[in-house]
Amino acid sequence: MAVTQPPPDVLRAAYAEFIVTDLAAARWFYVDLLGLLVTAEDDEAIHLRAYEEYLHHSLVLRRGTTPALARLGYRVRSNAELDVAERYFRELGVDTRRVPAGTCRGIGEAVRVQDPIGFPVEFFYDAEHTERFTQRYDVHGANAISRLDHFNVAVPDVKAAHAYYRGLGFGVSETIEDGADNLYAAWMFRKQTVHDIALTGGDGPRLHHVAFATQERHQILHTCDVLGALGREHHIERGPGRHGVSNAFYLYLRDPDGHRIEIYTSDYYTGDPDNPVQRWDVHDNRRRSFWGHSVVDSWYYEASTALDLDGKQVPVTSPEKREALVSVGADGFSVSTENNERHPFKIGEQV
């Protein structure tokens, strides 16, 4: 049906919440290794932020029995946008709930939805402010992380997901396409960078990764050196390298529960109203690695399960058609081979 209500004015990707099975192991990875700051913690959850961030958190680690994505959070422009969001999503016909301040620690009143592509999403404005550590160089590690940058999700129908996010007011920076009108992936933004959300074709809805930005490439390289020195290089899944799509210098890591984190720097400005869309042909291998490196299978096939608003696993479906002999990715998520072999995901397996 046609939506008559205007969408909420979304500012940016703001936070993610992961279910983890071992808080101590997760704390080692995100605090001791990556250097994220602890805003609050107890026996059930750890709330984290990066050095430039002043809102209460950009990542929540919550204890649970099975690893999963519990929620993605977007900040909107004002509290008035909560009413707009509630009307918009109720008209869309998805599960929509107004939740009081403090339902998520440090976050004000919010609207939670199971969005049309299956993800648990929260829209909020009010949040507790904390100290911004931008110039606390005395506590910055050599691999200091600046801020949360974007989410990347796997969806079975990229065109439908693209249409939903366009309706929500997101711009498009880059796509992966072919000559037969197939859309394999799209990078979409509200803040003035390449993306706040990437939509990549594959079994879903599942979370492919959450990305945090650094200021410099050497900070990413230092994380690799630290993992090598500790004998924990197995947490490195892919990279370091440079994407064709987004131009970003990247590193993909897997946390102790298998959730994927990207450390990311040097993409580009997209804020002009006539910013051109960069369209990549699916047959151009530079889209996934500007340097021509091969991509490990796990990067294509593995992702984190999403939960609904009641904490139950969202069923996963597959794309209707997989193109033989076409690898899609670097950001496009799915890969097809001549015999269409599949590699099932094992979320929760220690990596």
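These legends walk through a few close-up views of the predicted model.

Residues are numbered from 1 along each chain as its sequence is written, and side-chain values use heavy atoms, leaving out hydrogens and water. Because this is a predicted model, local features need pLDDT of at least 70 and side-chain atom pairs count only at pLDDT 80 or more, while totals for chains, interfaces and linings use all residues.

**View 1. The open sheet of eight strands.** Welcome to the sheet, whose strands (DSSP runs of E, at least two residues, numbered from the N terminus) follow the order S2-S3-S4-S1-S5-S8-S7-S6 with mixed pairing. Strand S2 (37–41) and strand S6 (96–99) stand at the edges with a single partner strand each, so one side of each has no neighbour in the sheet. On average, neighbouring strands of this sheet are turned by 25° against each other, direction ignored; the axes behind such angles are lines fitted to C-alpha atoms.

**View 2. Strand S1 beside strand S4.** Here S1 (residues 10–20) and S4 (residues 59–63) pair in the parallel sense over five bridges; pairing requires at least two DSSP bridges between two strands. Look for Ile19, whose bridge partner in S4 is Arg62.

**View 3. His208 and its contact with His209.** His208 sits in strand S13 (residues 206–213). With a relative accessible area of 1%, His208 is buried (under 20%, using a 1.4 Å probe and protein chains only). The side chains of His208 and His209 are joined by a polar contact of 2.7 Å (a pair of N or O atoms within 3.5 Å, one able to donate a hydrogen and the other to accept it; for residues adjacent in sequence, both must be side-chain atoms).

Notes
Helices (H or I, at least four residues) and strands (E, at least two) are DSSP runs, numbered from the N terminus. Buried means under 20% relative accessible area, exposed over 50%, partly exposed in between (1.4 Å probe, protein chains only). Axes are lines fitted to C-alpha atoms, for helices over the stretch in contact, and angles run from 0 to 180 degrees between N-to-C directions.
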